[in-house]
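Reader: Hello! I am new to this structure and would love a close look at one part of it.
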Amino acid sequence: MSLMGQMMQQPLLISSLLQHAARHFPNVEIVSKRVEGDVHRSTWAAVARRSRQLAQALARLGCAPGDRIATLAWNGYRHLEIYYGSSGSGLVCHTINPRLFPEQIAWIANDAQDAVLCFDLNFLPLVEKLAPQLTSVRHFVLMVGRSHMPASTSLPNLLCFDELVDAEDGAYSWPQLDENTASSICYTSGTTGNPKGAVYSHRSTLLHAYASALPDAMNCSARDTILPVVPMFHVNAWGLPYSCALVGAKLVLPGPHLDGKSLYELFESEGVTFSAGVPTVWLGLITYVKSQGLKFSSFKRTVIGGSACPPAMMTTLQQDFGVEVIHAWGMTELSPLGTLSKLGTQQLKLPPDEQRKLLEKQGHVIYGIDMTIIDDDGHALPWDGQSAGNLVVRGGWVIDRYYGMPASPLVSVDGEPGWFPTGDVATIDAHGFMQITDRSKDVIKSGGEWISSIDLENIAMAHPAVHEAAVIAAKHPKWDERPLLVVVKKPDAAVTREELLAFYEGRIAKWQIPDDVVFVAELPHTATGKIQKLKLRDQLKDHVLAQSPA
Ligand code: ADP
């Protein structure tokens, strides 16, 4: 007879994170720059109380377990209260990316069957316009206090968030849910097709929170003041609203104020030690800080991911500002963290140049995620840092299907089923460090060989005159596709096509050097701040390559 463990059964529930933070870190602050323009100060204890009041209010509105509570909102304390108040009480928090096209927002809200829509003040005109198309929404809630409620609106029975919360007494006990209950939904941004929903559970969210707080992951602690620049509608701000509660960190939420100046001022006034965001937001912050000749006084490290972090950006942050950059890879389907680049004892023995090369990669998996690379026939490829293949993953916070889609997306590796195909092409080296070469749809296929657009972009970004760069495949009569470099110059910088192409010499194999350069005023970005390569390819589809390599 096997012996069973004799430990308490405690389901892994999102409400337990909040209870923990409120009980053991009650006075640790949650600071929010509000849409209304001012700075609001709260604490974990106050957020916990208001989340319970919100849970009561949602029940009073008739919300039943499983109902979807949607948000169109920036990073702020009311959004945090919706995260906890909805998931904690058995409802499902559905964060919608407000930067999507209005028709996509309506499509997503209808697909998810959202029952309640909570939104920030600046989205009132958008919601008024969308409302007739939102077939399942029963209640519209404006995330403001009474004094900011509009005098008139076309929305039927528009509710006031603070009024709903204040009307309740907070005498509410979080239900003991099954830990596999759905807690939140997030849709992929649809960069490569229709948006698809990933439905997270309490269990997956807690496992992700534990793992992402580890020292070799985000290294979150009670000594940190954490400012997620990554929006709470972009894969739950990479889980930080949960991991901050888990460790008792102070949380600083920037609202819609994401320009370099506003962010810098908030970093300094609140003593931010750690942040996280996509490369494009750092471009804005670095440009501002450099142009003003400023320094950071408390900011020590940041996670950069969502798209490849150019090595030049890492160098600037590290050498000019003393900020450690942790390059990370993940995706909506992974809640989102998969890998982070941190060196272990073995890698720290390597020469500095090799260490730097490892840190530029997307990194090592965290426990809880397994990964490998496979060829098109499903066979595992060697971890030699050279063989590029389709990256597949599995783990406790990886989806096993998309919302509302019965067909399993999973694939087999050498006959073993149960792996999620990421759609990314990557190498893995002998240290277990993974490097994304491309999204499979962005790979440039030149004469049967693959060229990594990310490698070419990283080189361009190291040129002092380049603000932003993208490399896409341009049609070529002989080679099928050849790389085309598209560049946004820094203001007042002068550089020619020839100088940029010459910059590649000695930095990459000659046959991989782009054929041509196009200068543009700006690059198209997706709703999550990534370069929209599909659109760029479309914009430049008639571009004739200026030269054809032999
Ligand atoms: P979407 O798929 O809609 O763009 P996600 O935020 O889920 O939204 O994007 C995940 C994808 O972003 C990954 O599959 C990968 O292609 C890309 N990505 C994420 N992090 C990195 C990184 N550090 N380097 C390169 N690509 C990355």
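Which backbone oxygen does the side chain of arginine 68 reach?

Author: Happy to help! This is a predicted model, in which local features need pLDDT of at least 70, side-chain atom pairs count only at pLDDT 80 or more, and totals for chains, interfaces and linings use all residues. Residues are numbered from 1 along each chain as its sequence is written, and side-chain values use heavy atoms, leaving out hydrogens and water.

The side chain of arginine 68 reaches the backbone oxygen of glycine 66, at 2.7 Å. With the side chain of tyrosine 403, the arginine 68 side chain makes a polar contact at 3.0 Å. A polar contact is a pair of N or O atoms within 3.5 Å; within protein, one must be able to donate a hydrogen and the other to accept it, and residues adjacent in sequence count only if both atoms are side-chain atoms.

Arginine 68 belongs to strand E3, residues 68-72 (strands are DSSP runs of at least two residues, marked E and numbered from the N terminus). Arginine 68 is buried (under 20% relative accessible area, with a 1.4 Å probe and protein chains only). Yet arginine 68 has no salt bridge, meaning a side-chain nitrogen of Lys or Arg within 4 Å of a carboxyl oxygen of Asp or Glu. Its nearest side chain of opposite charge, aspartate 114, lies 5.4 Å away; here Lys and Arg count as positive, Asp and Glu as negative, and His and the chain ends are not counted.

Leaving aside residues up to four places away in sequence, arginine 68 touches Val92, Ala112, Gln113, Asp114, Ala115, Val116, Ile185 and Tyr403, where touching means heavy atoms within 4.5 Å.

For another buried strand residue, look at leucine 484 in strand E25, residues 480-489: leucine 484 counts as buried because its relative accessibility is 0%.

Conventions: Helix = DSSP H or I, 4+ residues; strand = E, 2+ residues; numbered from the N terminus. Buried < 20%, exposed > 50% of the residue type's maximum accessible area, 1.4 Å probe, protein only.
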